[in-house]
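Colleague: Got a minute to walk me through this one? I'd like to start with the helices.

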Amino acid sequence: MEKKLVYTGKTKNVYALENGNYLLQFKDDCTGKDGVFDPGENSVGLTIDGVGDVNLRMSIYFFEKINAAGIKTHYVSADLNNTTMEVLPAKVFGKGLEVICRHKAVGSFYRRYRDYVKEGDDLPAYVETTFKNDELGDPLVTKDGLIVLGVMTAEQYDEIKDMTQKITQIVADEMKARGLVLYDIKFEFGYDAQGKVMLIDEVASGNMRVYKDGQYVDPMTLSALFFAAK
């Protein structure tokens with residue numbers, strides 16, 4: 001099938017397919033700073049051989065679980081030999097929005113609110129949204145802000161929040177079954193031609209913070225532990 005490059009991203013390239021769907025090509029680049037991986041960073045900080053492959057493997061695993069739970073995603077199929085995933089067309093909210101769900105106070109949440117929490121404190125599936133904008137450092141935006149700016153409706157926000165918490169619990173339960181603890185995870189959502197909200201992008205080790213016995217687990221180690229424990 002013919003494909004046409006339409007977007008070059010930090011961790012994936014996007015191609016348009018003849019059938020109206022899109023193809024995501026997973027790369028070995030990760031977000032981070034000074035050579036250290038950080039899912040909350042807004043620029044490529046390092047390249048890890050094979051991370052594209054394991055991110056795709058984990059995405060396939062979770063998209064199939066999420067679809068089976070009746071939650072709409074853009075996932076159609078995947079080709080591990082070419083590190084690609086076929087997805088349904090979806091429009092992003094605004095110029096790109098990230099949705100983070102936090103079970104523990106770490107990373108940027110702790111840096112912002114450390115006057116009120118201790119690092120590692122439990123959080124009740126706390127959801128926050130940030131605009132994808134490297135120059136502005138991915139600024140936080142509230143529900144009211146998203147509505148006032150015309151990025152989404154109140155109903156769409158509520159649906160995204162509900163979906164985010166449900167998907168996060170699916171991931172957290174899978175991690176717990178392997179002796180791992182999910183601290184936080186980052187998602188992206190879009191909507192189809194009918195305005196239906198769906199989970200897009202990926203669900204991979206590079207988008208989450210996971211700990212084992214109180215110690216942070218890097219993405220490649222996490223992927224190895226995750227699939228070894230199946």
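Modeller: Sure. Keep in mind that this is a predicted model. In helix α2, which covers residues 107-113, F109 and Y113 are 4 residues apart, so about one helical turn separates them.

Colleague: What kind of aromatic pair do F109 and Y113 form?

Modeller: An edge-to-face one, with 4.8 Å centre to centre and 70° between the planes. That counts as edge-to-face because the planes are over 60 degrees apart. The structure holds 12 aromatic pairs, and F109 with Y113 is one of them.

Colleague: Okay, switching to charges. How many salt bridges does a search of the whole structure find?

Modeller: The search finds 15. Take D192 and K72: their side chains meet in a salt bridge at 3.8 Å, N to O.

Colleague: And where do D192 and K72 lie?

Modeller: Both are in loops: D192 between β13 and β14 (197-200), K72 between α1 (51-68) and β7 (75-79). The pair therefore ties together parts that are 120 residues apart in sequence.

Colleague: Pockets next. How much space lies in the largest pocket?

Modeller: About 920 Å³. It has 36 lining residues, and the closest to its centre are Y7, V14, K132, E188 and D201. The elements giving two or more residues to that lining are β1, β2 (12-17), β3 (22-26), β4 (29-33) and β13 (181-191).

Colleague: What's the lining like by class?

Modeller: Mixed: 13 nonpolar, 10 polar and 13 charged residues.

Colleague: Back to Y7 for a second. Which strand is Y7 in?

Modeller: Y7 sits in strand β1, residues 3-8. Y7 also belongs to a nonpolar surface patch, made together with V6 and Y22.

Colleague: What area does that nonpolar patch have?

Modeller: About 290 Å². So that you have both roles of Y7 together: this tyrosine helps make the patch, and Y7 is among the residues closest to the centre of the largest pocket.

How values were computed. Residues numbered from 1 in each chain as written. Predicted model: local features only at pLDDT ≥ 70, side-chain atom pairs only at ≥ 80, totals over all residues. Heavy atoms only, no water. Patch = residues over 30% accessible without salt bridge, like charges linked within 9 Å, V, L, I, M, F, W, Y side chains within 5 Å. Areas by Shrake-Rupley, 256 points an atom, 1.4 Å probe, with all protein chains shown as cover. Salt bridge = Lys/Arg side-chain N within 4 Å of Asp/Glu carboxyl O. 1 Å grid on protein atoms, 1.4 Å probe; cavity = no way out; pocket = protein on both sides within 12 Å on 5 of 7 lines; lining within 4 Å. Points joined across faces, edges and corners; volume = space filled by probe spheres on them. Nonpolar A, V, L, I, M, F, W, Y, C, P; charged D, E, K, R; others polar. Phe/Tyr/Trp six-rings, centres within 6.5 Å; stacked < 30°, edge-to-face > 60°.
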